[in-house]
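This report describes a two-chain model in terms of fold, packing, contact between the chains and confidence. The sequence and structure are shown first.

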Amino acid sequence: MTKIYKKNEDEQFCDIINSLKQLPKVGASPDFEMNLKRRINSLEHKKKRSFFYYFTLRRSLVPTLALSAVVIITLLLTNRNSQVENQLTTVPELKADSGQSSGGNSLVKEHLIKPENIRADNVIIKKSDNHPSDHLQKQSEATAPADLSAEEQSVASSQKNNAKQLDFGQPDNDLDKSLHAKPDPDGGAGQYDNPGSNVNFGGFNFIPEYDQDTDQLRARMDSLNKLRHR
Amino acid sequence: MRKSLSDLTDEELISEFQVHDTVEAYEILVKRYKDPLTNFVYRFVGDKDGATDVVQDTMIRFYLHKDSYKSFAKFSTWVYTIAANLAKNELKRRKRKRLVSIHSGNDEEQSFDITDTNAAPDTLADSEMKSKIIQNALKKIKDVYREVVILRDVQDLSYDEIVEVTGLAIGTVKSRINRGRVQLQKLLEPIYNE
């Protein structure tokens, strides 16, 4: 059946098939092989060239390569410079809830607690009743661990206020107390040991050289309180 | 006694070229296939120069990528596949550049080699004209039909070989051949009615 169909199909197109079969055969040109050999030889010659030979032949690439090298070097140098931190422009990191994240001693371990960070020069006095820093201060006091002494809490809060541009609209009683606190005769951890010696805040020591700054701040606070009472 | 290279089959020659890098084996294969491939590509593309370029590219590809031939395939189908793909690319390139001209008669006339030199002048002119008309008709049918019709009716390849060359299913090949023939018949109707 298939053969019959195929036969019929071939018969149906026998004229076309015969015409196509009788088409003159077109051959390759006489120089076909010669041209082919020439092309293959040139390809092989190109293949054999080493990378550097190829590279040096392309003299037109030299300016482009030089320019790209300069650009790469410039980019590298620029990146290196940008990685160096500018100490004058960087803002010290503030950890508002440091008391929450770790134990009570974490507060006093922060480098921000140093009195140099709470210099009177940096204090900006603002007269306002409701300042966002009040909220922050309250929050930090609320979150501060119970085992911290009054001095620690007050110093920490004063520090935060300093970093956030302290607002002295409301009297800071804790800080005031802490600055006027008398030395504890027991001299336990987190207590003021001796007026003349280092202050021990559970592992963190006030360095004596900062005492001068503390005194200055204390004097400043006194003057402010006096002004306020007037 | 070892056979000479010219006595070897296509597959033996390509194997020789692959294993021992024998350039003579390659040259013999080029000699065997340059004419059939030129004829196929000429019928497909439509001009002699383009066909020569495509066949040369085919031979260069065959030379450079000889290792891509696998011994289980027939060499003829492999080389026809390369030529067909390159011919299709050439047609696409021409279409993109809008250089395709259906009626490029003068070049064709020069490139034709009429093999039957014993024929009478009238018959010669007649057959020449007829072949020109058929070639023009071939150009007018779709590429997909033209390819398989040429492989089947001009190059005398079997259906299985055409399947290997085109990578199509046998049913698709048969239907395309049939449709191509129908289109050709319509185009060549005036000749057969005379």
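Of the 230 residues of chain A, 17% count as buried, a residue being buried if 20 or more other C-beta atoms lie within 10 Å of its own, exposed if 12 or fewer, and partly exposed in between, with C-beta atoms placed from the backbone. In chain B, buried residues make up 32% of 194 residues. The model is predicted, and local features need a pLDDT of at least 70 while side-chain atom pairs count only at pLDDT 80 or more, whereas totals for chains, interfaces and linings use all residues. Residues are numbered from 1 along each chain as its sequence is written, and chains are lettered from A and ligands numbered from 1 in the order in which they are written.

The table sets out the secondary structure of each chain. Helices (H or I, at least four residues) and strands (E, at least two) are DSSP runs numbered from the N terminus.

| Chain | Helices and strands | Order along the sequence |
|---|---|---|
| Chain A | 11 helices, two strands | α-α-α-α-α-α-α-α-α-α-β-β-α |
| Chain B | 10 helices, zero strands | α-α-α-α-α-α-α-α-α-α |

Two residues are in contact if their C-beta atoms, placed from the backbone, lie within 7 Å. Among contacts in chain A with a separation of 6 or more, 66% are between residues 24 or more positions apart. For chain B, 62% of the contacts between residues at least 6 apart in sequence join residues at least 24 apart.

The contact between the chains takes 21 residues from chain A and 26 residues from chain B. On the side of chain A that touches chain B, helix H2 (14-21) and helix H3 (32-48) of chain A each supply at least two residues. H3(A) gives the most to this side, with seven residues. By class, this side of chain A has 12 nonpolar, four polar and five charged residues; Ala, Val, Leu, Ile, Met, Phe, Trp, Tyr, Cys and Pro count as nonpolar, Asp, Glu, Lys and Arg as charged, and the others, Gly among them, as polar.

A nonpolar core is a set of buried Ala, Val, Leu, Ile, Met, Phe, Trp, Tyr and Cys residues joined through C-beta atoms within 7 Å. The largest has 49 residues, of which B:Leu29, B:Val41, B:Val54, B:Val55, B:Val79, B:Ala83 and B:Ala87 touch the most other members. Helix H2 (residues 23-45) of chain B provides the largest share of this core, 12 residues. Beyond its neighbours within four places in sequence, B:Val79 is in contact with B:Tyr33, B:Leu37, B:Thr58 and B:Phe62. Both B:Thr58 and B:Phe62 are among the buried residues of H3(B), which also include B:Val54 and B:Val55.

Two residues of chain B have a positive phi although neither is a glycine: B:Asp21, at about 55°, and B:Asp156, at about 60°. Most residues other than glycine have a negative phi. B:Asp21 is in the loop between helix H1 (10-20) and H2 of chain B, and B:Asp156 lies in the loop between helix H7 (143-154) and helix H8 (159-166) of chain B. B:Asp21 is exposed, with 10 other C-beta atoms within 10 Å; B:Asp156 is exposed, with 11 C-beta neighbours inside 10 Å.

As to confidence, the predictor gives the complex an ipTM of 0.79 and a pTM of 0.53. Chain B averages a pLDDT of 85, and 84% of its residues score at least 70, where pLDDT is the predictor's confidence in each residue, from 0 to 100. Over residues 107-117 of chain B, pLDDT stays under 50, and the model has 16 contacts beyond four places in sequence for these residues.
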